[in-house]
Each structure stands twice: as C-alpha cells, then as structure tokens.
Amino acid sequence: MIRISGVSRKFGEREVVSGIDLAIRRGEIFSIIGPSGSGKTTLLRLIDLLDRPTRGSIMFEDSSTEGPEHERRAIRRRMAMVFQKPGVLNATVEQNVAFGLEFRGMQKDRVHERVTSALEMVGLSGLSQRRALTLSGGEMQRVAIARAIVTGPEVLLLDEPTANLDPLSTGIIENLIVRVNRERKTTVILATHDMGQGQRLASRIGVMMDGHLVQTGEIYDIFYHPVNRPIATFVGIDPVSDGIVESNENNLAIIAVHGVSVQAVTALGKGQRVALCIRPEEVTLSLPDACPPASSARNCLAGTITRLLPYGPFTRVHVDCGIPVTALVTRRSSEELGLAMGMRVNATIKATAIHVIPDPEDKDNPPHTTTG
Ligand code: ADP
Ligand code: MG
C-alpha cells in the first residue's frame, strides 16, 4: 500500500537515510528495527509526509506523494503517527483524544462516539475525566495511541512506542498495537531499537543500519538468516568467526573453525571464509555417553560447561567445544541433566540450524544484502 523507491534524505552533507526500497503491505505490522541513530525516525517522518526525501519517491496506494501541500495533507490524513515523546494537552483524557476531531470540524455527537470507542480500545474508559498530566507514562502513551486511532487512520506509525516504559506497561502497549491491527485492520509501521519487540509484534521486519535498509524479511529470515555480522549481533547471535569452507557437496559443507569440523547447509564453496551463526534455542545438550547416533546432517560436539545463566524459565548454558556454543535449555531439563560448571556435555546441532555468513573481509566473495 506504500511503495518507497530509492529514497534518501540528506541533512547538510550527511545522508542519514540512503537508497531505501521498501513496500509496505496493507494490513501488516511492519517493524523497522536498528540501533539508535540508524535513521528509523527519519524514515518514519518521510513515510508520514512530515518531511520530503532528497532523492527517490514514495507512493501511497496509487497516489504520488510529490504533489502540492494540499494533496499531501489529504494523504497525511489517512495516516497517524505517535511520536517517541508524545506530549499531552493540559486537559482531560477525553478532551485530549477529541481535540483532533474537533479541529477537523466533526460534529459533537460523532466526536463523542468516536472518542468513547477509542478510549475503550486502549482501556482508558474509566479515566476519561482525569487530567491527562496526572497519568502514568504508560497511560499517557495509551492516550497518544487513542488520539492517533480516533481519526480512523489506514496506517498507524509508531516511533519507539515503549522506549521509556516499564515491562508491564510495555506489555499492555504491545497487546494494544496487535489489537488495533487485528480489529481495525490498521496497517502498522513501528520503529524500535528493541529487536525483541520487533520479533513479538511484527509480521515482517526491516533492519536499518547507518541509514541503509540492510535486510527485509519475515521474522524467521532475520533471526535465523541474518545476512551479515552486524545484523547477526543485533538479533542476538554472536557469530563464531574465522571459519573456512573445506568442502561442499550438494550444499552440505564441512567448515573448519578453530580446529573443529562443523557440518552446515550452505551454498558457499570451498575456500570461502565464513562466520557461523548458531541460535541457542537450536542447540541440544546431552550427557557425554548419550551422543545420538552419528548422522550425516548433525553435529555432535563435545565440550565443557563454562557458564550457566538463568534466563526466565530457561537457562543459557555456555559450552566450550573448541568453539563457543550457547544452548538455551529449560530449567527443568537443566536440573534433569544435572548441568553444572565444568561438566562435560555434548552439544548437538543440526546442519540446517547452522547459518553461514560469508566473511565480509573476504574481498573475492562480498556479502550480499537483500531487500523486498
Ligand atoms: P533513529 O531514529 O534510528 O535513532 P534518526 O532518524 O533519529 O535515527 O537519526 C539518524 C541520524 O540523522 C542521526 O545521526 C541524527 O542525528 C540525524 N538527524 C536526524 N534528524 C536530523 C535533522 N533534522 N538535522 C540534522 N541531522 C538529523
Ligand atoms: Mg528514533
């Protein structure tokens, strides 16, 4: 529904958003994730037509957004943005939410109807007469979202919607975003530096780094198949580097890394320098004498436990297998196996669960990036 083609934005000499190609689909939750300063807010402001690109174009449905201001305003009204630090007016909650509609000259009874429904949606019906300035941060954010959805936008843009909130309020806001998307069929575009939030909410994710959209895809693609090291690190995998492909037969490669041989599925050929990404939830631990039967597409690496960290209902277990391997196991299986520091264990990882990225230092085989 929104098509962004070759969009760049320069401030002075500095291009803070560069050559973005991206299509947002009607009805989806699309999350733009990336570290602070990567250009997320600048891109959101361009999409919301608050700013104009220095290069490239943005189409909203079949309309160009490069027309005169009155045309841009008409398109803008089909969207609503919640800023990172939304202010509230020194008025009641209800008046805060009604303000935009009254400004547009809507009749009083229709305003009331819409405001009531928006406040119900965000769960603030009981607080409609409270002064907005007396609310908690999470409640103020819900007022800001009510103010945005009350106009019935087709697209809701949210900039770091939970940046300064406690976990409880964050959960409420995240549920609310999903409900607005499902119940009102609102397309949601969300910018966040919290990759967990991107993962919890979005149907698709775009990763921004240094003004570039470096990877776009389904959550699975981004979290299991990051195209380069910075993205891998950003999505919570510490890639093991200095690997080299020793052989490759029908995409089943043997990779030597720090003296350990690992089987992985990749198209990269012999001699290619690589880094390996292994998600902790893909690693299974077993006792040394219980190594599963050798299989052609499974790695069973013997190692020693170097660290045990509680992680919610799980334990993160660091194992030195010659290469560092982290496993995420349930507390229960950790207890059943009697896992402890210094203990010998086997780490089993399927060849398909090891994601291989080309080493960017390898000039002959530059890494690719995808968009779409
Ligand atoms: P993010 O939202 O990912 O943290 P921003 O889009 O806010 O990133 O900013 C990207 C870069 O652009 C930052 O280095 C920021 O300082 C710069 N920038 C943003 N807006 C302006 C502006 N109006 N003038 C000059 N530089 C800007
Ligand atoms: Mg920002």
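Which residue in β17 is the bridge partner of R307? It's H318, and we'll come back to that pair once the rest of the fold is in view. Keep in mind that you're looking at a predicted model.

Start with the whole protein. There are 10 helices and 20 strands to find your way around, spread over 372 residues, of which 48% are buried. Put a box around the C-alpha atoms along the principal axes and you get roughly 75 × 45 × 30 Å. Take the contacts between residues at least 6 apart in sequence: 65% of them join residues at least 24 apart. On the outside, the protein exposes about 17900 Å², with carbon and sulfur atoms supplying 50% of that area.

Now zoom in on the six-stranded sheet. It's an open sheet with mixed pairing, and reading across it the strands come in the order β6-β7-β8-β3-β9-β10. The edges belong to β6 (79–82) and β10 (212–218); each has a single partner strand, so one side of each is left without a neighbour in the sheet. Going from one strand to the next, the twist averages 15 degrees. Helix α6 (residues 167–184) packs on this sheet, where it touches β3 (29–33), β7 (155–159) and β8 (187–192). The direction of α6 makes about 155 degrees with that of β8.

Strand β9 is a good place to linger. Its pairing with β3 is parallel and runs over four bridges, with I32 standing opposite G206 in β9. Its pairing with β10 is antiparallel: six bridges join β9 (residues 204–209) to β10. Along that pairing you'll find V207 opposite Q215, and M209 has H212 as its bridge partner. These two strands form a hairpin with two residues between them. Check D210 in the turn, which has a positive phi of about 50 degrees.

How many of the six residues of β9 are buried? Six of the six are, so the strand counts as mostly covered by the under 20% relative accessible area cut-off. In a regular strand, side chains alternate between the two faces of the sheet. In β9 both faces are covered: R204, G206 and M208 are buried on one side, and I205, V207 and M209 are buried on the other.

Next, move along the chain to another sheet. This one is open too, with five strands in the order β15-β19-β16-β17-β18 and antiparallel pairing. Its edge strands are β15 (284–286) and β18 (324–330), each pairing on one side only. The twist here averages 45 degrees from one strand to the next. Within this sheet, seven bridges join β16 (residues 298–311) to β17 (residues 314–320), and the two run antiparallel. That's the setting for the opening pair, R307 and its bridge partner H318 in β17.

Finally, have a look at the surface. L89, F99 and F103 make a nonpolar patch of about 340 Å². Of these, F99 lies in helix α3 (residues 93–103). Why can F99 be part of such a patch? Patch residues need over 30% relative accessible area, and F99 gets past that cut-off because it is partly exposed, with a relative accessible area of 45%.

Terms used. Residues are numbered from 1 along each chain as its sequence is written. Chains are lettered from A and ligands numbered from 1 in the order in which they are written. This is a predicted model: local features need pLDDT of at least 70, side-chain atom pairs count only at pLDDT 80 or more; totals for chains, interfaces and linings use all residues. Side-chain values use heavy atoms; hydrogens and water are left out. Patches are made of residues with over 30% relative accessible area and no salt bridge: like charges are joined within 9 Å, nonpolar side chains (Val, Leu, Ile, Met, Phe, Trp, Tyr) within 5 Å. Accessible areas come from the Shrake-Rupley method with a 1.4 Å probe; for residues, only the protein chains shown count as cover. A salt bridge is a side-chain nitrogen of Lys or Arg within 4 Å of a carboxyl oxygen of Asp or Glu. Buried means under 20% relative accessible area, exposed over 50%, partly exposed in between (1.4 Å probe, protein chains only). Two strands pair if DSSP finds at least two bridges between them. Axes are lines fitted to C-alpha atoms, for helices over the stretch in contact, and angles run from 0 to 180 degrees between N-to-C directions. Contact means heavy atoms within 4.5 Å.
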